[in-house]
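Open your viewer and get ready to click along. Each stop tells you what to select next and what you will find there.

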There are 2 protein chains.
Amino acid sequence: MIRRIGGHTLGFEEMPSIIGFASITGKKESEGPLGKCFDKIVYDSYDGNDTYEQAESMLQSEAVSLAMNKANVMAEDIDCIFAGDLLNQCISSSFGLLDFGIPYLGQYGACSTMAQGLIMAAVFIESSAANIAACVTSSHFASAERQYRFPLEYGGVRTPTAQWTVTGAGSCILKNTKKGPSVARATIGRIVDLGVTDANNMGAAMAPAAAQTLKSYFDDTCTSPDDYDLILTGDLGEVGSKALYELMNRDGINIQNKHNDCGLMIFERTKQDVHAGGSGCGCAASVLCSKILNDFNEHRLENILFMATGALMSPTSCGQGANIPSIAHLVNIKNR
Amino acid sequence: MIRRIGGHTLGFEEMPSIIGFASITGKKESEGPLGKCFDKIVYDSYDGNDTYEQAESMLQSEAVSLAMNKANVMAEDIDCIFAGDLLNQCISSSFGLLDFGIPYLGQYGACSTMAQGLIMAAVFIESSAANIAACVTSSHFASAERQYRFPLEYGGVRTPTAQWTVTGAGSCILKNTKKGPSVARATIGRIVDLGVTDANNMGAAMAPAAAQTLKSYFDDTCTSPDDYDLILTGDLGEVGSKALYELMNRDGINIQNKHNDCGLMIFERTKQDVHAGGSGCGCAASVLCSKILNDFNEHRLENILFMATGALMSPTSCGQGANIPSIAHLVNIKNR
């Protein structure tokens, strides 16, 4: 049974559990602070394929395979999978998941996709629409640069506010087992547009959406940052994280002591030349499905807010001078 | 309570009802056989905007506004909206729905999006995750041609198997009211790839997915075409519909007498120069949210299968020589 809490939050009475999770990343991510936490590293940008796009598809399929192994389930046990990515028409997902034959519901939330997929999977399980559900998302530095900015061969100089798209994927398998990290509550985001137009400063574009969703959640649940071990954003990076602190402070909410950002955790920014931090669907996905969920299993974390943010623009809309609308979906994950 | 029926089908015990629906289309669609059924016609391809993409966004926002009016609900009454479209990063949806402030969950199912959105909305309502939920999708001939094929200014010649992207949108508002057209059952599709690579013959690419989903549904529910007033596919067009008949016939299932296709209904093909028929997310959406749901309200239809199909490729994947994977989601709509 799902309970609506306040205006925008869902409460899951059964609390669907994450019975398996896995992450896979590229070489650069393996050299960062979380390098040892990932299940698999792909050292070749092509991962043995002809194109970066095919390589990204393979990241998704490998993440799902690894998560299934850890959950001890087969593809035919999974009633549906929620997946999406940043590529046009979400081809990483459609090609990456083809061979599994799992009923597929494509999601588009840009870099918020991991949180969106978790919410979807939890709703489907809590409602008995699925006994076992999965979610997965990915990004790839080279396929994202080619599509959103410039082909790598151009050798373009990055702005200081730019983030570095993570090459990686993460997948979770959910089931109602009443143990381990479980989805307790969720807040579905609304689209926010505060007039940011700089596609090289996604953190600033996404911070207002993050602030809106986080405030809604605290209002709806009558809780505060003190009630949680960690408030983890997806990929606001350095610029966006600071903007989020400021926006929350305006409402008298100080999250700074409890906050971390997947985009800041995944790279050693001073050494790895990633400017404002990591980004991409695969950033939040690979950090959640490695360090974070491991910490749950080892009881270093018990109760967190995982909030992935997405910038809902396209190169076309940016080229036409439109603002960058954004969104943030929040999931409260608790150990049982 | 949602019941799982057989391997792939969901049964909705409460049967969430479609309490409001609306369609909006362009000039060409208004000149077709269903012209009088649409709620609003946009005679200018730009709909007063600077770009085709903005015009498509406006189709979505107008469809939602019209559907809300007919359902007698306000944006703040709607707990979440499921939306998607064909444009890169689904910008028709993110820009079109921005001003409503409704919690937003972006979907990507290509032309299957209307069925996918209906399934999502029904699951959220049946599970109490939402009291009122909405779905919407759109397509626009000019924005689709620019993105998927050639800018219109090239004046390219179309192949005989090509379909014509519908300029239009359709939206449904769902609530548990136990009256009117209601979602009784649904089958979530699996991704299918039978090796079709011709991006100008989407019908052929999508027919295998349609056949797989339809067979699963009949198997799961122990029903046959005779049990339904209509089996309505999204936009297989002429080529895809024939392929679907053949694929179903191989399993001894004859759907021809009960079948129609939104892509064949929306245009007068011999006169309107649309080759194999209409296509695009807006095709299935605008036909369902006009003629079909009107027929439910006037009891000319009581029990149908609505199955929208999607081709999950992108111009990038086609350019790289990949096959066209496809999917079909099915919704059983019944009058109460």
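A pocket, as the word is used on this tour, is an open set of grid points where a probe fits, with protein on both sides within 12 Å along at least five of seven lines. Keep in mind that the model is predicted.

**Stop 1: the pocket**

The largest pocket has a volume of about 590 Å³. To find it, select A:Glu145, A:Tyr148, A:Arg149, A:Arg158 and A:Asn200, which are the closest to its centre among the 33 residues that line it. Now colour α5 (141-148), β8 (164-165), α6 and α11 (315-319) of chain A, since these are the elements that give two or more residues to the lining of the largest pocket. Which element gives the most to that lining? It is α5(A), with 4 residues.

**Stop 2: a helix from the pocket wall**

Stay with α6 of chain A and select residues 202-221. How far apart are the end C-alpha atoms of this helix? They are 29 Å apart, which agrees with the 28 Å that its 20 residues should span at 1.5 Å a residue. Turn on the surface and you will see that α6(A) is mostly covered, with 17 of its 20 residues buried. Just after the helix, click on A:Cys222, which takes a positive phi of about 50°.

**Stop 3: the two chains**

Zoom out to see chains A and B together. Chain A can be laid on chain B by a turn of 180° and a shift of 0.0 Å along the axis, with an RMSD of 0.0 Å. That is the relation of a two-fold axis. Next, look at where the chains touch: 100% of the interface residues of chain A are also interface residues in chain B, so the copies meet through the same surface.

**Stop 4: charged partners**

Side chains of opposite charge can pair when their charged atoms come close. How many salt bridges are there over all chains? The count comes to 32.

Start with A:Lys70 and A:Asp39, whose closest N and O atoms are 2.9 Å apart in a salt bridge. This pair links distant parts of the chain: A:Lys70 sits in helix α2 (residues 52-71) of chain A, while A:Asp39 is in the loop between α1 (27-30) and β4 (40-42), 31 residues apart. Both partners are partly exposed, A:Lys70 with a relative accessible area of 42% and A:Asp39 with 34%.

Now select A:Lys291 and A:Asp295, which meet in a salt bridge of 3.0 Å, N to O. They are 4 residues apart in helix α10 (residues 281-297) of chain A, so about one helical turn separates them. Is A:Asp295 buried or exposed? A:Asp295 is buried, with a relative accessible area of 7%, whereas A:Lys291 counts as partly exposed at 27%. Add A:Glu298 and A:Arg300 to your selection, and you have a network of salt bridges linking them with A:Lys291 and A:Asp295.

Switch to chain B and select B:Asp295 and B:Arg300, whose side chains meet in a salt bridge of 2.6 Å, N to O. B:Asp295 is buried, with a relative accessible area of 7%.

**Stop 5: an enclosed space**

Rolling a probe the size of a water molecule over the atoms shows where empty space is left. The count comes to 1 cavity of 30 Å³ or more, and the largest cavity has a volume of about 230 Å³. Which residues lie nearest its centre? Select B:Cys111, B:Arg149, B:Thr165, B:Met202 and B:Ser279, which belong to the 19 residues that line the largest cavity.

Technical notes: Residues are numbered from 1 along each chain as its sequence is written. Chains are lettered from A and ligands numbered from 1 in the order in which they are written. This is a predicted model: local features need pLDDT of at least 70, side-chain atom pairs count only at pLDDT 80 or more; totals for chains, interfaces and linings use all residues. Side-chain values use heavy atoms; hydrogens and water are left out. The expected span of a helix is 1.5 Å times one less than its number of residues. Buried means under 20% relative accessible area, exposed over 50%, partly exposed in between (1.4 Å probe, protein chains only). Copies are superposed by least squares on the C-alpha atoms of residues with pLDDT of at least 70 in both. Contact means heavy atoms within 4.5 Å. A salt bridge is a side-chain nitrogen of Lys or Arg within 4 Å of a carboxyl oxygen of Asp or Glu. On a 1 Å grid over the protein atoms alone, a cavity is a set of points where a 1.4 Å probe fits but cannot get out, and a pocket is an open set with protein on both sides within 12 Å along at least five of seven lines; lining residues have an atom within 4 Å of a point. Grid points are joined across faces, edges and corners, and a volume is the space filled by probe spheres set on the points.
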